[in-house]
Amino acid sequence: MGDGDKLPAQRSSQAEVDAFLRRVAAIPPARTGRRGRLMFAMDATASREPTWDRACRIQGEMFETTAALGGLDVQLVFYRGFRECQASPWVGTAPDLLRRMTAVRCLAGQTQIGRVLTHAIKEAKQERVNALVFVGDCMEEEIDELAHKAGELGLLGVPAFLFHEGADPAARAAFETIARLTGGACCPFDASSAQQLRDLLAAVAVFAAGGRAALEDFGRRRGGVAGLLTSRLAP
C-alpha cells in the first residue's frame, strides 16, 4: 500500500474492527431477489479535502463485490459550504457514481449530519434502503436532535455504518450513538487501514445487496478483515 492510500492516524485497534464486524454480523438479513440500495453519505467540508479523492477510489469496489448478487444501487449524499446538502439520483454502476463524486469540491462549512439523516428517512419511507454509510470527521450539531432522527431511521430498518476519521471525541460519541440507535456500527481508522476501509465498505455493500448469507460467503472468500465476519455469524 502506497503512502497515497493511507488515512489519517487515529487511536484504533483490531479490537474495534472486530467489534464493528460483530455489529454487521448481528443485523437481520436484507431481502434478496432485488437490487440492494445503499446510501453513501460524506462530509465534504474543508477538513475532509485530503481524503475525499481516496474515498472516490475506494467506493468503486462496492459495485464489483456485489455484481454477482444482483447488483447494488447507490445514492451519493454530501454536504459542504453554507447549508448545501445534495443527493444524487440512485446509480447502479461505479463510473456513474465516480463521475458524480469527482465533480464535488470540498468547501468550508459546518456539519449537516441531521439533514443527511432526514433525507435517509424520507428515502426509506418511499422504498427500502438497506444501509446508510457515512464518512466524516467532526460533528457540530445538537446530539439530541441527531439521536431522535437516528432512532426514527432505526425503526425503518436502516442500519447506519459510520466511518470516523480523525480524533474528535464529540464526533466519535455522536457517531457511536447514531450507530447504536439504527442498529449499525461505528469504526475508526488508523494510518494503515485503507485496505480495512475497502474491505469493510465492500462487506456493507454485500450485506445491502444479498443479506447475511452473502456477507458470510464474502468473508470466507475475501479473507483478511472481511474474513473475520465468518466467525462472527451465528450458525
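The following paragraphs describe the fold of a predicted protein model, from the whole chain down to single residues.

Because this is a predicted model, local features are reported where pLDDT is at least 70 and side-chain atom pairs count only at pLDDT 80 or more, whereas totals for chains, interfaces and linings use all residues. Residues are numbered from 1 along each chain as its sequence is written, and side-chain values rest on heavy atoms, with hydrogens and water left out.

The protein chain contains eight helices and six strands, where helices (H or I, at least four residues) and strands (E, at least two) are DSSP runs numbered from the N terminus. Along the sequence these elements follow the pattern α-β-α-β-β-α-α-β-α-β-α-β-α-α. Of the 235 residues in the protein chain, 54% are buried; here buried means under 20% relative accessible area, exposed means over 50%, and partly exposed lies in between, with a 1.4 Å probe and protein chains only. The accessible surface of the protein chain comes to about 10,000 Å², and 52% of this surface belongs to carbon and sulfur atoms, the areas being computed by the Shrake-Rupley method with a 1.4 Å probe and, for residues, with only the protein chains shown counting as cover. Among contacts (heavy atoms within 4.5 Å) between residues at least 6 apart in sequence, 80% join residues at least 24 apart.

Strand β4 (131-136) is largely enclosed by the rest of the structure, because six of its six residues are buried. In a regular strand the side chains alternate between the two faces of the sheet. In β4, Ala131, Val133 and Val135 point one way while Leu132, Phe134 and Gly136 point the other way, and all of these residues are buried. Two strands are said to pair if DSSP finds at least two bridges between them. On this basis β4 pairs with β1 in the parallel sense over five bridges, and Phe40 has Val133 in β4 as its bridge partner. Strand β5 (residues 160-164) also runs parallel to β4 and is joined to it by five bridges, with His164 in β5 as the bridge partner of Gly136.

A different arrangement of strands is found in β2 (residues 72-80) and β3 (residues 84-87), which pair in the antiparallel sense over four bridges. Tyr79 has Cys85 in β3 as its bridge partner. Three residues lie between the strands of this hairpin, in which Gly81 takes a positive phi near 55°. Arg83, found in the loop between β2 and β3, also has a positive phi, of about 55°, although it is not a glycine; this arginine is exposed, with a relative accessible area of 56%. Within strand β2 itself lies Asp73, which is buried at a relative accessible area of 18%. Apart from neighbours within four places in sequence, Asp73 is in contact with Arg35, Gly36, Arg37, Leu38, Trp90, Val91 and Gly92. Asp73 and Ala208 stand 135 residues apart in sequence, and their C-alpha atoms are 9.5 Å apart in space.

Two of the helices were examined in detail, with the expected span of a helix taken as 1.5 Å times one less than its number of residues. For the 14 residues of α4 (residues 113-126), the expected span is 20 Å, which agrees with the 20 Å between its end C-alpha atoms. The buried residues of α4 include Ile113, Val116, Leu117, His119 and Glu123, and the buried residues of this helix pack against β1, β2, β3, β4, α5 and α6. For the 13 residues of α5, both the expected span and the distance between the end C-alpha atoms are 18 Å. Leu146, Ala147, Ala150 and Leu153 are buried in α5. Seen down the axis of α5, these buried residues fall within an arc of 120°, so they line one face of the helix; the arc is that of the directions from the helix axis to the C-beta atoms. The buried residues of α5 pack against α4, β4 and α6, whereas the face turned away from them carries the exposed residues Asp144, Glu145, His148 and Leu155. After α5 comes Gly157, whose phi is positive, near 80°.

Cysteine residues were also considered. A disulfide is a covalent bond between the sulfur atoms of two cysteines; with the criterion of a pair of cysteine sulfur atoms within 2.5 Å, the structure holds zero disulfides. Cys85 is partly exposed, with a relative accessible area of 22%, whereas Cys186 counts as buried at 13% relative accessibility.
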